Amino acid sequence: MGLLWLFLPALGWGLLPFSIALIGGSTKNQIFGTAVGTLVASLGVIAVIGVHISVKDFIMAALAGAFWICGQIGQYVAYRNIGVSKTMPVSSGLQLIGTSLIGVLIFGEWSTPVAKTMGFIGIGLLVLGVFLTSYTQKGDKQGNNVKATYTVLVLTTIGYLIYNTIPKGMSSSGLAIFFPESVGMVIAVLIYLTFSHDLKALKEAKSWKQIISGLVFSLAAITYIFSVKENGVNTAFVVGQLSMVLSTLGSLIFLHEHKTTRELIFTIIGLVLIVMGAIVTTIN
């Protein structure tokens with residue numbers, strides 16, 4: 001079972017962009033369905049294990065879920081504007097860089113000189129990997145759109161970083177916080193739809209079909225929790241990064257996204273560097 005838990009998160013997260021693309025709809029349809037699908041899955045979880053969390057931790061977990069929505073909206077916008085293959089390596093790399101820096105600056109990780117040295121080498125690999133995978137050859141029709149979308153992606157990645165940081169200050173973790181996180185996700189999406197004057201998305205069929213994508217995400221999130229228990233945080237996290245490779249290369253093959261030969265070479269080298277950076281910064 002250890003190997004099953006190890007690879008299911010990467011499979012789930014890797015397949016999520018394909019689920020989103022195949023079902024289609026607007027970004028609002030996609031984010032609503034993902035949030036509701038996650039809530040449905042979390043209700044199944046609490047039906048089995050019950051709710052065991054303090055009010056304080058419930059609120060903090062819900063807040064984390066709301067910030068996850070901020071990050072995911074940016075990612076879905078990027079899927080639509082520039083494609084999965086240009087989005088996933090950059091998004092994953094930015095999250096890895098941000099999470100590593102938060103860990104060392106706020107939580108005092110990498111306490112020894114050797115750990116700091118290896119950690120910053122890992123960050124260097126991540127930065128170089130992100131740079132290579134974001135390379136767009138001159139003359140690419142998406143050129144200006146890519147720059148604007150990457151700006152949005154950088155800003156919304158802050159949501160992912162807060163989502164990953166909040167649970168570190170909580171006494172509850174794992175499956176216990178999955179339900180309140182999903183509640184926060186749904187509330188955040190409803191606020192987003194309200195302020196964007198697009199509540200009509202609630203009535204659109206694509207919004208409800210995208211619940212499937214929420215279930216795919218939940219499969220990855222829940223099995224990742226079990227993988228951490230079975231295989232340890234470091235191993236589970238590093239193998240989870242294979243989702244980025246799966247979604248990036250898969251989008252080129254199955255979604256027929258286009259890259260020039262030079263862009264493809266740079267992307268493959270960048271993916272290797274990002275995975276190496278993830279290994280160095282995590283197993284440190």
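In what follows, Lys and Arg count as positive and Asp and Glu as negative, whereas His and the chain ends are left out of the count. On that basis the chain carries 16 positive and 9 negative charges, and the mean positions of the two groups lie 7 Å apart. The structure described here is a predicted model.

The fold is built from helices: the chain has 12 helices and zero strands. Read from the N terminus, the order of elements is accordingly α-α-α-α-α-α-α-α-α-α-α-α.

The overall dimensions come next. Along the principal axes, the C-alpha atoms occupy a box of roughly 50 × 50 × 35 Å. A compact globule of 284 residues would be expected to have a radius of gyration near 19 Å, and the chain, with 18 Å, agrees with that expectation.

The contacts and the surface add to this picture. Among contacts between residues at least 6 apart in sequence, 88% join residues that are at least 24 apart. Of the 284 residues, 54% count as buried. The accessible surface of the chain amounts to about 13100 Å², and 73% of this area belongs to carbon and sulfur atoms.

Attention may now turn to the aromatic side chains. Across the whole structure, a search finds eight aromatic pairs. One of them is formed by Trp68 and Phe217, whose ring centres are 4.7 Å apart and whose planes meet at 40°, a tilted arrangement. This pair links distant parts of the chain, since Trp68 belongs to helix H3 (residues 55-82) and Phe217 to helix H9 (residues 211-231), with the two positions 149 residues apart in sequence. Are the two partners buried or exposed? The cut-off for a buried residue is under 20% relative accessible area. Trp68 has a relative accessibility of 4% and therefore counts as buried. Phe217, at 5%, counts as buried because its value also falls under that limit.

A further pair involves Tyr76 and Tyr79, with ring centres 5.6 Å apart and planes at 40°, so this pair is tilted. The assignment follows because planes under 30 degrees apart count as stacked and those over 60 as edge-to-face, with the rest called tilted. Where do these two tyrosines lie? Both Tyr76 and Tyr79 are in helix H3, three residues apart, which is about one turn of the helix. Tyr76 and Tyr79 are both buried. Helix H3 thus contributes Trp68 to the pair with Phe217 of helix H9, and helix H3 also holds both Tyr76 and Tyr79.

Technical notes
Residues numbered from 1 in each chain as written. Predicted model: local features only at pLDDT ≥ 70, side-chain atom pairs only at ≥ 80, totals over all residues. Heavy atoms only, no water. Helix = DSSP H or I, 4+ residues; strand = E, 2+ residues; numbered from the N terminus. Rg over C-alpha atoms; globule rule 2.2 N^0.38 Å. Buried < 20%, exposed > 50% of the residue type's maximum accessible area, 1.4 Å probe, protein only. Contact = heavy atoms within 4.5 Å. Areas by Shrake-Rupley, 256 points an atom, 1.4 Å probe, with all protein chains shown as cover. Charge placed at Lys NZ, Arg CZ, Asp CG, Glu CD. Phe/Tyr/Trp six-rings, centres within 6.5 Å; stacked < 30°, edge-to-face > 60°.
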